[in-house]
Amino acid sequence: MEVRFLGPLGKVTGSCAWLRDEARGWSFLVDCGMQQGERTATQWNKGTWPFDPSSIQFVVLTHAHIDHCGLLPLLYKQGLKGTVFCTRETQAFATILLKDAAMLSQLYTAEDIDRIEWREHRIGPLLGGFLPVSDDLFIRYFRTGHVIGAVSVAIHWGQKGPGQRSIVFSGDLGPNREDQEYLPFIRHQMNAGPFDFAVVESTYGATVRPAEQLCANIRRNNLCKLLDRILETGGTLLIPAFSFGRTQDVLFDLHWIVAEAPERYAEVNFYLDSPSAIRMHPAMLEALKRTESNGKHQKVRPLWLGKQMFQWFGLKDEKPDHIDALITLCEMCLSDKHQRHVRVRNVGNHLAHSWRPVFEHISGNREALHRAIGTPAVVVSSAGSCDGGPAQWWVKRLANSSSNAIAFAGYCSAESAGGQILAVAQLPMKERQRHNSKVSWANGDVLSYREISAEVTALSGYSAHADQTGILAWIFSTSPKTGDLYSVAKHIFIQHGNDGEREALAAQINHTGDRGGFELEVMMPRDPEEWFNLEAESDGEKLKKRELELKKEIQRIEAELKLLNRP
Ligand SMILES: [Zn+2]
């Protein structure tokens, strides 16, 4: 088996690794992502592959984000006939996100998306189990806590036993670690291994987040301050948020704030204007209900619903009525407030009892709603960067009043509309008035700097990515059986992330490895044409070979000695 990293190599979007085993006749991909906002995006997204797409037997996906799966329909259009292996949840979310991407990118059509042959294995536990592709090739999934459905993907080849080899791809790692969960809609990251090889992401490989960014209370307090501001001004708070993950976390926090002080926020109108988020919510609720039994004792655990949610609402995860109550609370959070809802009254804490649905889902006439909008109001809307989607529409209408506020829930690149608006917000109001520049969009829309008088901020604490500490926690973990520290693999490729982040992470891996007495090989692939051999010998094999060499050497010396001692 050998691996070639086609992307993203020093970038953060367009993940794709090609694995090939000529002796066994395998050729397959792990992820097949679109590049977004990169200088090389147009070229990459044409899908000029070093292989014939019809020769690829299957693709395994780590998760549904477009930078990991966005070129799949193009592969099918170009001749791929194989299966796409992933979790059922990744299939559901990717289908929605790919349809949005098809409209924006024009690279493929909805028919190409319909051609994808999705498959989740139906036997064995989904997480941790050996899922067979054939009798000598297996896939294993481990939850990453990045978004619902997201997993690290391990590939094992060869017959079971000491000769079997393995490589694990981390996929995007999330920030929730066991017993330190602070984001609501995802269970903690799972540790896995050890494997022979590991491929790790490094989006935030150089960043160690301060404690206040890892705290649910501080995150909610910042949001609370913005709500209090619009109560004072009677304005509208616009929160542009990515439709998958971040939107749901923001909705959860706003429900929490209202549940803690229902009277204070009674006059605030809440709107969700994010068509893809609204389309995703039924699949999300299904996912939160999903459980499986695992291990020797067949312990039953939710796959994606974290125990932090039970704790926050004073619920017990072993009681059926408590589990049902938690699902009801999630339903209230993700569905329109005008749907019929049953309040949770008999179980849980005060927060659970006062939790109520507060959001109206917008569909249809945005213009009429804008005219009729009661104030104060909150609009949560996609796209998170305001590049397209309803958020672009809202930002143009809300930016011009100082009673309004715009709070970005996630990362906005400097070139995006959100990034430009955040940069303008750094300028004193007087200087903005002197400026003759404009924020501009691809469709010709513009917003003059002079018009931006709303308060503009970036909310922190909603990132779905682990920082350096979180990535290291995936690489180095303690065995639950022996209590020993182990490394996920001896040979580690850092594949995903810009070079500054990759170098900082490599230095930390080496440093931690040295302290723990691990002999590690850390590699940063740079050449998309380079193949890496994954059949390098294991320690046991190396020792055996050396033993044989030494035995031969002894025989040779003994023979030579005999000749010398001959009279
Ligand atoms: Zn991702």
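Which elements do the buried residues of α10 pack against? The close-ups below, all taken from a predicted model, start there.

**View 1. Helix α10 and its packing partners.** The buried residues of α10 pack against four helices and a strand by name: α7 (246-260), α8 (275-289), α9 (307-312), α11 (350-354) and β16. Those buried residues are His 322, Ala 325, Leu 326, Ile 327, Leu 329, Cys 330, Met 332, Cys 333 and Leu 334. Residues three or four places apart on an α-helix point the same way, because there are 3.6 residues a turn. As for length, α10 covers residues 320-334, and at 1.5 Å a residue its 15 residues should span 21 Å; the end C-alpha atoms are indeed 21 Å apart, so the two values agree.

**View 2. The six-stranded parallel sheet.** Here's the open sheet, with its parallel strands lined up as β16-β13-β17-β12-β18-β21. At the edges sit β16 (359-361) and β21 (455-458), each pairing on one side only. Ignoring direction, neighbouring strands are turned by 20 degrees against each other on average.

**View 3. β13 next to β17.** Zooming in on one parallel pair, β13 (residues 269-273) and β17 (residues 377-381) are joined by five bridges. Look for Phe 270, which stands opposite Val 378 in β17.

**View 4. Two helices on the sheet.** Helix α6 (residues 216-233) packs on the sheet and touches β12 (236-240), β13, β17, β18 (405-408) and β21. Its direction makes about 145 degrees with that of β12. Helix α13 (residues 389-398) packs on the sheet too, touching β12, β13, β17 and β18. For α13, the angle to the direction of β12 is also about 145 degrees.

**View 5. Strand β9, buried on both faces.** Now for β9 (residues 151-157), where seven of seven residues are buried. Side chains in a regular strand alternate between the two faces of the sheet. In β9, Val 151, Val 153, Ile 155 and Trp 157 point one way, while Ser 152, Ala 154 and His 156 point the other, and all are buried.

**View 6. The neighbours of β9.** Strand β8 (residues 137-143) runs antiparallel to β9, with seven bridges joining the two. One spot to check is Arg 143, whose bridge partner in β9 is Val 151. Strand β10 (residues 165-169) is antiparallel to β9 as well, joined to that strand by five bridges. In this pair, Ile 155 has Ile 167 of β10 as its bridge partner.

Definitions and conventions. Residues numbered from 1 in each chain as written. Predicted model: local features only at pLDDT ≥ 70, side-chain atom pairs only at ≥ 80, totals over all residues. Heavy atoms only, no water. Pairing = 2+ DSSP bridges. Axes fitted to C-alpha atoms, helices over the stretch in contact; angles between N-to-C directions. Contact = heavy atoms within 4.5 Å. Expected span 1.5 Å × (residues − 1). Buried < 20%, exposed > 50% of the residue type's maximum accessible area, 1.4 Å probe, protein only.
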